[in-house]
Amino acid sequence: MKLKLVAIVAVSVMALSGCATITRGTNTTFTVETMPSGATVATTNGYGCLATPCTFKMPRKSEFTVTITKPGYKTYTGSVVTKVAGSGGAAMAGNVLVGGLIGAGVDASSGAMLDLVPNPMKVTLEPEGAAAPASQPNS
């Protein structure tokens, strides 16, 4: 009888571990939109597309650089970072409260509690030869 109870408790703890991993997953969609559209996108983690707008399925825990090119426009390079998501943080707190330290560790290591920022990445491309914006005096 005790063995059966221990088995039920163990299965329950395992089921509750990794709440964000289960509810949010370890991947998310990442979108790049440009004005004008039709730009080429390359990321430092190996993803890319030939024409914007485009969407990739990315690991939530990846931080990377995005390079956007289009003939007649200046190349744009920007960074995408990770941030703890509101729902990811809530799942992590739930893990800790329920005693699922294993689940908290799984969520932290898998990246399930993170979001990519900015997402979507919206970029207005500058035409080549356009004057750089004048710097504003400090007040």
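These legends walk through several close-up views of a predicted model.

**View 1. How sure the predictor is along the chain.** Before zooming in, here's a word on confidence. The protein chain has a mean pLDDT of 76, and 57% of its residues reach 70 or more. Two stretches to treat with care are residues 9–22, where the pLDDT is below 50, and residues 88–92, where the pLDDT is also below 50. In the model, residues 9–22 have 25 contacts beyond near neighbours in sequence. For residues 88–92, the count of such contacts is 11.

**View 2. An open sheet of 3 strands.** Follow the strands across and you get the order β4-β1-β8, with mixed pairing. Which strands stand at the edges? They are β4 (54–59) and β8 (121–124); each has a single partner strand, so one side of each is left without a neighbour in the sheet. From one strand to the next, the twist averages 25°. As a bit of background, strands of a sheet pair through backbone hydrogen bonds, and they can do this parallel or antiparallel.

**View 3. Zooming in on β1 and β4.** Strand β1 covers residues 27–35. How many bridges join β1 to β4? There are 6, and the two strands run antiparallel. To get your bearings, look for T28, which stands opposite M58 in β4.

**View 4. K122 and E33, a salt bridge between two strands.** A search of the whole structure turns up 3 salt bridges, and one of them pairs K122 with E33. Their closest N and O atoms are 4.0 Å apart. K122 lies in strand β8 and E33 in strand β1, so this pair ties together parts that are 89 residues apart in sequence. Are the partners buried or exposed? K122 counts as exposed because its relative accessibility is 62%, over the 50% cut-off. E33 counts as partly exposed, at 31% relative accessibility.

**View 5. R60 and D115, a salt bridge with a buried arginine.** Here the side chains of R60 and D115 meet, with 3.2 Å from N to O. The pair links distant parts of the chain: R60 sits in the loop between β4 and β5 (64–69), while D115 belongs to strand β7 (residues 114–117), 55 residues apart. R60 has a relative accessibility of just 7%, so it counts as buried. D115, at 29%, counts as partly exposed.

**View 6. E126 and K74, a salt bridge outside the strands.** The side chains of E126 and K74 also meet in a salt bridge, at 3.3 Å from N to O. Where do the two residues sit? E126 is in the segment after β8, and K74 is in the loop between β5 and β6 (76–84); this pair links distant parts of the chain, 52 residues apart. E126 is partly exposed at 35% relative accessibility, and K74 is partly exposed too, with a relative accessible area of 31%.

**View 7. The disulfide of C49 and C54.** The structure holds 1 disulfide, and its partners are C49 and C54. Their sulfur atoms are 2.2 Å apart. Is the link left-handed or right-handed? With -55° about the S-S bond, the link of C49 and C54 is left-handed. Both cysteines, C49 and C54, are buried.

Technical notes: Residues numbered from 1 in each chain as written. Predicted model: local features only at pLDDT ≥ 70, side-chain atom pairs only at ≥ 80, totals over all residues. Heavy atoms only, no water. Pairing = 2+ DSSP bridges. Helix = DSSP H or I, 4+ residues; strand = E, 2+ residues; numbered from the N terminus. Axes fitted to C-alpha atoms, helices over the stretch in contact; angles between N-to-C directions. Buried < 20%, exposed > 50% of the residue type's maximum accessible area, 1.4 Å probe, protein only. Disulfide = S-S within 2.5 Å. pLDDT = per-residue confidence, 0-100. Contact = heavy atoms within 4.5 Å.
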